[in-house]
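Subject: Structure handover

Hi,

Here is the structure I promised to pass on. Please open it alongside this email.

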Amino acid sequence: MNVNQPAPPGVPYGQPQPGYTGYQSSYGGQPGPIIPPSPYGAYNGPMPGYQQLPPPGVPRAPPSSGTPPASTTVRGPSSQSAYGQFGQGDVQNGPSSTVQMQRAPVSQPFVPAPVAPLVNQPAAFQPYGPPPTSAQVTTQMAGMQISGPAGPPPSGLGYGLPPTSMASASGSFQGSNLYGSYPQNLAPPTSLAQAHPGAQTPQCCAPMQASSFPPSAAGGPRPPSIAGPSMPGQSFGGPPVSQSNHASSPPPQTQPPMPGPPGPPPPMHSSQPGYQLQQNGSFGPARGPQPNYGGAYSGAPNFASPPGPPQPPPPKRLDPDSIPSPIQVIEDDRNNRGSEPFVTGARGQVPPLVTTNFLVKDQGNASPRYIRCTSYNIPCTSDMAKQAQVPLAAVIKPLAKLPPEEAPPYVVDHGESGPVRCNRCKAYMCPFMQFIEGGRRFQCCFCSCVTEVPPQYFQHLDHTGKRVDFYDRPELSLGSYEFLATVDYCKNNKFPRPPAFIFMIDVSYNAVRSGLVRLLCEELKSLLDFLPREGGAEESAIRVGFVTYNKVLHFYNVKSSLAQPQMMVVSDVADMFVPLLDGFLVNVSESRTVITSLLDQIPEMFADTRETETVFAPVIQAGMEALKAAECPGKLFLFHTSLPIAEAPGKLKNRDDRKLLNTDKEKTLFQPQTGFYQSLAKECVAQGCCVDLFLFPNQYVDVATLGVVPYHTGGSIYKYACFQVESDQERFLSDLRRDVQKDVGFDAVMRVRTSTGIRATDFFGAFYMSNTTDVELAGLDGDKTVTVEFKHDDRLSEDSGALIQCALLYTSCAGQRRLRIHNLSLNCCTQLADLYRNCETDTLINYLAKLAYRGVLSSPVKTVRDALISQCAQILACYRKNCASPSSAGQLILPECMKLLPVYLNCVLKSDVLQPGVEVTTDDRAYVRQLVTSMDVAETNVFFYPRLLPLTKVPVESSAEPPAVRASEERLSKGDVYLLENGLNLFLWVGASVQQGVVQSLFSVPSFSQINSGLSALPVLENPLSKRVRDLIDSFRAQRSRYMKLIVVKQEDKLEMLFKHFLVEDKSLSGGASYVDFLCHMHKEIRQLLS
Ligand SMILES: [Zn+2]
């Protein structure tokens, strides 16, 4: 057996080697991965089991390099066929019939030369006028066009004179190309003229000179924003003139709590007091002292001194201190596993918890930062798996960011021959492949097929059967690495072009009024210098483009040779096309002057807009078409404010209906209201067009529908309800900066291969699937995970274990096509006890939450909740029946690794998606549902069970994080201050009896009563406590992928209800059970299953 052989000395990768020396420069500065075998000798041996031939009796294909039979084991089509779904697609702007003639010029290079004369030409279209209604717009514009004295734009532009009527519903060009200037000699209707003096109107194809568009030029004073004709869109919740609309709806964080008596939750009475609880049934390392679970509880000290009517002394119940505590488990793991690196050499090792800080040394298996499993020891048979009901799933984060101490995956270049793969299943070369016949062939660890080693890859074997270049090649010795892909792995057999970013900015009334447009444009001016770069590249390869929109779309030519940007308006949103190619996507540094000028002008141009209606789908279509025309992948950054009610494809209606809660129709609230966006998403994915959506709603915008495209393209959604620059800009800008700067893999396809016996059967996350095996991601960033479920399709063997190989094909931000490979080996067991000993509850919860959150799309919420409880009860009952030592039925026995399953499960059940309080909106639920679907294990862990830290107990000099306390009101001392975070929300809770000195130090006010409740930032004060708390807040924020806005909550203040929502061990106002009650309930369920 290889197992007991000493590990050969490692050879540093830094040595010259043919494989990937060529790419060291692009990872410059990265030290060669010195693999020090000696300190980790115990782990460093070759992986047991995999390097053997399959044991006799294990059904495997005979070694053969021949063509495999067309059996089910053939999972991997060739790379070409894997991309067969990427058709050539229509070349952009492929119009049909009559439209074609009119659009022909569109694909011609835009000629800026004839621009100057246009300045004085009459407008054919007024792109941002404040039309009182759509109908009026049509009339005005028709009139303008008819009476306009001038001819069409210069023939060189070829856009032709627009039809005179905007009302045409045909696919003809209508006003879409009407970018003539607003005629200065043509007086618009009075109301328009006041708001938009002719001089301010942007002129199509004309340089947008700032001087042409003074913010409030000579056309009379700008009318007050609330004046003006009645607005369209009233049917959907009031016109923008209705200020109350904005003023009266507070941000979600500060929404009024549900009506009801403020005060503590009702006392938590257990209906079944006095359970004998036992832990560590028959095995497992005891973590810490074992509490006596039998102790009856009779009134623990109530730290919170809650107000309200005097409570009767609670009857006997479980002692909260005696039931499994998340805090204790987290702490124990930190103490036991935080000090040593996690070395991935051995098969089936359970990694430290996600809450433990640890370093990873890759010695043949992927880091847990890339893959975490629900169990690292899986049952050999499907019967066993069914009995246990423990889901077999992996949460995979293929592009996870690593801490600076850990090297990113090495890039291996095999030249034109590409990576070495199994002939049959197409698995990539990995540490578990077995070389035979002196190194001339290798046997696949996934399908057992034998493949010839390509001549250029041949290498001799040492006396142990290991290739002598084992430590020189990442693909032979590491769990994670990358291959440079050859042209065979590229769409249409062409190497990709660098990606593009397109910023698409809603400039309707709400967006302008809230200050969003101005803020965003200002920020982009500097942010564009920080686009993702590869390696040591001086400049990002990413090109950028800009679109603004309301009911119509405005494209901008920002070609570097222009003195000023040029605007082109497309109002034919029914059949979207891109009016310019040359000059739309540009290099930032080359076009900096023009871009800066554009970003300066946009807020001015639309400052007086009255347009309240927006389109949405045509905006995405436009971005996708632009990428298609440029033949590159890319990302759209959409900044959008309202329900798209303007007449256009993908138009939506307000269908929010709270009466559907707790009915069979509740699921419709999570479903998109039209299938249109699904098809649009499919087109985007085929183009490698990822969509990130920033929402700024003042009311219902139907996140469930608007989120479909971001969701299926691997994009992100951000939501800032009732956005106000003053209070929300820090959060928005932080998110935006992070989002724009983060590394993204484009046009990605992920395939998970497994060894014989299990296969991937289900996938959860933000992606698209057009077949049952390939996860397609238009974009994938380092925050996104894909959760994969496995099922048995054969018997597994304890000797061979089980292997997972995740291969992600993607285009880097510099346009390089690559394959990232992650390998993980798991143990297999014939004893259920081994399964329960090697589970990871945090990952289990991640999977169960995603399963449930998908379930609400098709089943009533109650059904989903019941199914969750039932599955977990079965998991625990199976343990009790088969693994625990005999004991009385009155005892609840939990497996050591799963002792937190009940408390965490209860948090999932009480979450806003599955059991919303009255203050949770339909949009919030859809939003959270989508967020959770892409979360990794660390994120779901803190999201469902928030972190609560007392701030004054630890000496201020200490740099250590204060020890957390359980998320329960009982744990709050009224003399202390606490921080609570869940990855999305951040609270500072101040107890009513907190010392004056603390109040002064933190808030710079003399007493508790003078603290401003709802404060969103602490004053910057020069004292140790203030500094320490602010540092802690900063460190919390740095750990999370989204900026958490702080909310200061005073004890007994009305905002406290919001805070208490996150004290998840308590009974919730929406009816969620307390931890103690739920544990009793679970026990009852388990007993029923056992009897
Ligand atoms: Zn194979």
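Below are notes on the zinc site, the cores and one sheet.

Please keep in mind that this is a predicted model.

Zinc site. Four cysteine sulfurs hold the zinc ion: the SG atoms of Cys422, Cys425, Cys444 and Cys447, lying 2.3 Å from it. The geometry is tetrahedral, with angles of 101 to 115° among the four donor atoms. For comparison, ideal angles for four tetrahedral donors are 109.5 degrees. The donor spacing in sequence reads C-x2-C-x18-C-x2-C. Cys422 sits in the loop between β9 (411-412) and β10 (434-436), and Cys447 in the loop between β11 (441-443) and β12 (450-452), so this pair ties together parts that are 25 residues apart in sequence. Cys422 and Cys447 are both buried.

Cores. The largest nonpolar core counts 121 residues. Leu553, Phe555, Tyr836 and Leu914 have the most contacts inside it. Helix α21 (residues 861-882) is the top contributor, giving 11 residues. Domain 2 (500-742) and domain 3 (840-945 + 1068-1090) both supply residues, so this core lies between them. There is also a second, separate core of 46 residues. Ala511, Leu516, Leu528 and Val740 are among its members.

Sheet. Four strands make an open, antiparallel sheet in the order β6-β8-β24-β22. At the edges are β6 (371-373) and β22 (758-764), each pairing on one side only. Neighbouring strands are turned by 25° against each other on average, direction ignored. β6 pairs with β8 (residues 393-396) over three bridges, in the antiparallel sense. Within β8, Ala394 is the bridge partner of Cys373.

Best wishes

How values were computed. Residues numbered from 1 in each chain as written. Predicted model: local features only at pLDDT ≥ 70, side-chain atom pairs only at ≥ 80, totals over all residues. Heavy atoms only, no water. Core = buried A, V, L, I, M, F, W, Y, C linked by side-chain atoms within 4.5 Å. Buried < 20%, exposed > 50% of the residue type's maximum accessible area, 1.4 Å probe, protein only. Helix = DSSP H or I, 4+ residues; strand = E, 2+ residues; numbered from the N terminus. Domains from an automatic or database assignment. Donors = N, O, S within 2.8 Å, 3.2 Å for Na, K, Ca; no water. Tetrahedral: all angles 85-135°; square planar, octahedral: opposite > 155°, others 65-115°. Pairing = 2+ DSSP bridges. Axes fitted to C-alpha atoms, helices over the stretch in contact; angles between N-to-C directions.
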